[in-house]
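User: Please examine one strand closely, together with the sheet around it, and then set that part against the rest of the protein. A connected account would be preferred to a list.

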Amino acid sequence: TNPPIQTFGGGGGGSGGGGGGGMANPFDEPGSNGFGDGEGKEEAKSGGLGADGPSSPAAAEGMGSSDGLGGTHVVYGLDDGDLGMMTLHDGYVQRRFHLPGPESGNKDGISLVSSHDLTKDGVSDLIVARNDGRLQVYGFDMGGSEPNVQFNAHLDESIHAMTCGVVSSPGFEELVAVTYSGRVMSFTTEPVNVRDTSDAMGRSVGQLKNESRVKSMRKELDDLHKKVVKEKDKFAKQARSYIPVAQKFEAQTRFVLEPDDAAYLITLEIPIAIDVITLSSSVHVDLLEVEQNQAIVSRTPPDEASGKALLATYRFSDPLKIAHIKIRTNEGESGDLVVGIVANISPKICQVVKFNVKPLSLHHRVHAFPTSGPVGRNHAGGGNGGEGGGVAE
């Protein structure tokens with residue numbers, strides 16, 4: 001059956017029917033691959049990009065036109081992790097697909113999206129970077145109207161840039177990503193586990209490349225070791241006159257409401273390992289468990305004279321650069337939540353971040369009027385002779 005095409009805006013029904021076949025190329029002419037253009041259209045009943053809930057666009061990229069009708073394909077990612085694609089025509093918009101995000105919420109939101117034909121099959125693959133550091137490749141190789149995850153890697157920190165192309169091996173595409181701390185990582189489509197025909201010992205392509213890299217890294221490590229010894233000697237001579245001071249580091253933070261849990265997710269990231277996180281708040285908040293955090297939480301009863309309602313610390317046994325903290329605020333209370341991030345370096349240094357808790361902190365915007373659940377209705381009117389009447393339900 002043909003998937004429905006949702007129309008946002010007016011006009012432009014176009015021509016063509018819902019042709020039937022398989023998903024040879026999701027970016028071809030709409031009538032040729034199961035995406036009917038004249039039939040199956042639905043008027044959008046929700047705002048935004050057709051997603052349910054208060055999600056907002058976080059990343060988008062145009063993919064050019066290939067349908068013969070002048071349309072432009074746009075792939076987009078939302079704050080709540082949803083991934084979709086639409087085609088922009090003159091006067092109307094067609095939604096190609098919309099994949100719901102994971103249930104874990106805003107920490108898996110999409111930060112970057114891109115497209116590139118990594119597998120050289122004539123169909124563009126979709127590359128997605130998520131807030132929790134995951135790098136994914138979606139492909140249409142399995143057929144159907146929606147892409148499937150074909151590659152998944154966790155980089156342990158947020159991804160700030162990515163691109164695709166031929167880098168180290170001629171004829172093989174690579175996916176290159178840059179993380180928050182400045183790491184540059186590359187993932188290749190070259191089959192490194194196959195036997196290298198030029199090697200008499202029968203080693204694989206990956207083994208030969210790793211041996212070459214190991215030799216190069218050992219030389220670099222030897223050079224770095226010599227530099228470290230030289231700098232230590234230089235520092236020891238100056239230690240009597242100078243006090244070592246750690247450089248200030250930058251913190252990347254997010255403070256996002258998760259409406260389904262009626263709680264806020266705080267995401268904290270620094271380019272080095274986190275040692276301790278401190279929390280102090282002038283309003284009452286509840287600390288909730290987060291599955292990803294393996295932390296020891298300690299709470300201290302605050303002094304009444306300090307005006308604080310919460311004092312807590314998070315200590316991490318394993319080194320990590322991204323930490324998630326979930327809290328639930330009390331509706332009607334307003335104040336400040338102060339977070340201190342202590343890095344695992346010597347000497348110790350702390351970066352302080354302040355979040356404002358608003359009076360109606362658990363209220364959020366919705367894109368469509370709810371059709372289920374209790375609804376209040378007020379009606380007021382005037383009668384003959386100036387008499388008024390009203391009813392409330």
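Analyst: **Strand β9 and its surroundings**

Strand β9 pairs with strand β10 (residues 148-154) in the antiparallel sense, and six bridges join the two. One point of this pairing is Val-137, which has Phe-151 of β10 opposite it. The model is a predicted one, and this applies to every value below.

On its other side, β9 is joined to strand β8 (residues 125-130), again in an antiparallel arrangement, here over four bridges. Two positions illustrate the register of this pairing: Ala-129 has Leu-135 as its bridge partner in β9, and Leu-126 lies opposite Tyr-138. The turn that links β8 to β9 is a hairpin with three residues between the strands, and within it Gly-133 adopts a positive phi near 95°.

These pairings belong to an open sheet of four strands, with the order β7-β8-β9-β10 and antiparallel pairing. β7 and β10 are the edge strands; each has a single partner, so one side of each has no neighbour in the sheet. On average, and with direction ignored, neighbouring strands of this sheet are turned by 20° against each other.

How is β9 itself covered? Strand β9 spans residues 134-139, and six of its six residues are buried. In a regular strand, side chains point alternately to the two faces of the sheet. In β9, Arg-134, Gln-136 and Tyr-138 lie on one side, while Leu-135, Val-137 and Gly-139 lie on the other, and both groups are buried. Both faces of the strand are therefore covered, since buried here means under 20% relative accessible area.

**Loops beside the sheet**

Two residues in loops next to these strands merit attention for their backbone angles. Most residues other than glycine have a negative phi. Lys-120, in the loop between β7 (110-116) and β8, instead has a positive phi near 55°. Lys-120 is exposed, and its relative accessible area is 56%. Asp-156 is placed in the loop between β10 and β11 (159-166) and has a positive phi near 70°. With a relative accessible area of 53%, Asp-156 is exposed as well.

**A second four-stranded sheet**

Another open sheet of four strands is ordered β14-β15-β20-β17, and its pairing is antiparallel. Its edge strands, β14 (252-258) and β17 (285-288), each pair on one side only. In this sheet, the average turn of neighbouring strands against each other is 25°, direction ignored.

β14 meets strand β15 (residues 263-269) over seven bridges in the antiparallel sense. Along this pair, Gln-252 is opposite Glu-269 of β15, and Thr-253 is opposite Leu-268. The hairpin formed by β14 and β15 has four residues between its strands, and Ala-262 within it takes a positive phi near 50°.

**Nonpolar cores**

Nonpolar side chains tend to be buried together in soluble globular proteins. The largest nonpolar core of this model contains 26 residues, and those with the most contacts inside it are Leu-268, Ile-274, Ile-277, Leu-279, Ile-325, Leu-337 and Val-339. At least two residues of this core come from each of β15, β16 (274-281), β19 (310-316), β20 (322-329), β21 (335-343) and β22 (350-357). Leu-268, named above as the residue opposite Thr-253, is thus met again among the core residues with the most contacts.

Which residues does Leu-337 contact beyond its neighbours within four places in sequence? Its partners are Phe-255, Ile-266, Leu-279, Ser-280, Ser-281, Ile-327, Val-353, Lys-354, Phe-355 and Val-357. A second, separate core has 14 residues, among them Leu-83, Phe-97, Leu-99 and Val-128.

**The protein as a whole**

The strands described here are part of a protein with 24 strands and one helix. Of its 393 residues, 37% are buried. Among contacts with a separation of 6 or more, 53% are between residues 24 or more positions apart. The protein exposes about 22,500 Å², of which carbon and sulfur atoms supply 52%.

To return to the part requested: β9 is paired with β8 and with β10, and six of its six residues are buried.

Conventions: Residues are numbered from 1 along each chain as its sequence is written. This is a predicted model: local features need pLDDT of at least 70, side-chain atom pairs count only at pLDDT 80 or more; totals for chains, interfaces and linings use all residues. Side-chain values use heavy atoms; hydrogens and water are left out. Two strands pair if DSSP finds at least two bridges between them. Axes are lines fitted to C-alpha atoms, for helices over the stretch in contact, and angles run from 0 to 180 degrees between N-to-C directions. Buried means under 20% relative accessible area, exposed over 50%, partly exposed in between (1.4 Å probe, protein chains only). A nonpolar core is a set of buried Ala, Val, Leu, Ile, Met, Phe, Trp, Tyr and Cys residues joined through side-chain atoms within 4.5 Å. Contact means heavy atoms within 4.5 Å. Accessible areas come from the Shrake-Rupley method with a 1.4 Å probe; for residues, only the protein chains shown count as cover.
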